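The following paragraphs lead the reader through one protein structure, beginning with its overall build and ending with its aromatic side chains. The sequence and the structure are shown first.

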Amino acid sequence: MSCADSIAKLLVDAHFSCYFSKVCPSALDCAEPIVVVEGAFSRDSRLAEEERGSVVVTVLVVREVMADAESVALAAELAVRRADWEPYADAGSCRIVGIDTAAPAFKERDSSGRYVWAFDVTCMVVRSL
């Protein structure tokens with residue numbers, strides 16, 4: 001399990017798209033996915049038994065209609081921001097201890113002509129050494 005998996009599970013539990021991926025799939029495979037991509041761990045401090053830092057998870061909402069992409073991205077960011085994190089804190093080698101979200105914004109039109117809106121979730125994490 002990873003921070004991206006925790007975010008995806010939270011979104012599934014909040015009744016968002018039933019199709020999640022770590023890469024943007026072809027429009028033939030899934031027309032309107034939510035893609036959850038995890039960045040690298042960035043250490044802020046190191047203690048004897050653990051290190052603390054952050055992991056940025058990017059959530060991409062892909063839709064055929066611009067307004068749909070925007071509204072789903074706004075609703076998904078709100079769900080993540082307001083979530084009770086206790087059930088989703090275990091992220092495998094990390095434990096999520098807090099989150100911060102950025103406002104969703106238009107990112108691009110993909111090669112299939114779909115609209116992509118994105119927002120970042122910064123997960124503050126503790127890793128055991």
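Helices and strands are here DSSP runs, with at least four residues for a helix and at least two for a strand, and they are numbered from the N terminus. In this predicted model, the protein contains two helices and seven strands. Read from the N terminus on, these elements follow the order α-β-β-β-α-β-β-β-β.

The overall dimensions may be considered next. The radius of gyration of the protein is 15 Å, close to the 14 Å that the globule rule gives for 129 residues, and the protein is therefore as compact as a globular protein of that length. Along the principal axes, the C-alpha trace spans about 50 × 25 × 25 Å.

How is the chain distributed between interior and surface? Of the 129 residues in the protein, 42% are buried. The protein exposes about 6900 Å², and carbon and sulfur atoms supply 51% of this area. Contacts across the sequence complete this part of the description: among contacts with a separation of 6 or more, 63% are accounted for by residues 24 or more positions apart.

Attention now turns to the aromatic rings. Rings of Phe, Tyr and Trp count as a pair if their centres lie within 6.5 Å. By this rule there are three aromatic pairs. One of them joins phenylalanine 106 and tyrosine 115, with 6.4 Å from centre to centre and 55 degrees between the planes, a tilted arrangement. Phenylalanine 106 has a relative accessible area of 38% and is partly exposed, whereas tyrosine 115, at 18%, is buried. The limit for a buried residue is a relative accessible area under 20%.

Phenylalanine 106 also pairs with tryptophan 117; the centres are 6.4 Å apart, and the planes, at 65 degrees to each other, are edge-to-face. Which parts of the chain does this pair tie together? Phenylalanine 106 belongs to strand β6 (residues 105-109) and tryptophan 117 to strand β7 (residues 115-128), so the pair links parts that are eleven residues apart in sequence. Tryptophan 117 is buried, with a relative accessible area of 10%. Together, Phe106, Tyr115 and Trp117 form one aromatic cluster.

A further ring takes part in a contact of another kind. The charged end of arginine 127 sits over the ring of phenylalanine 41, at 4.5 Å from the ring centre.

Terms used. Residues numbered from 1 in each chain as written. Predicted model: local features only at pLDDT ≥ 70, side-chain atom pairs only at ≥ 80, totals over all residues. Heavy atoms only, no water. Phe/Tyr/Trp six-rings, centres within 6.5 Å; stacked < 30°, edge-to-face > 60°. Buried < 20%, exposed > 50% of the residue type's maximum accessible area, 1.4 Å probe, protein only. Lys NZ or Arg CZ within 6 Å of the ring centre and 35° of its normal. Rg over C-alpha atoms; globule rule 2.2 N^0.38 Å. Contact = heavy atoms within 4.5 Å. Areas by Shrake-Rupley, 256 points an atom, 1.4 Å probe, with all protein chains shown as cover.
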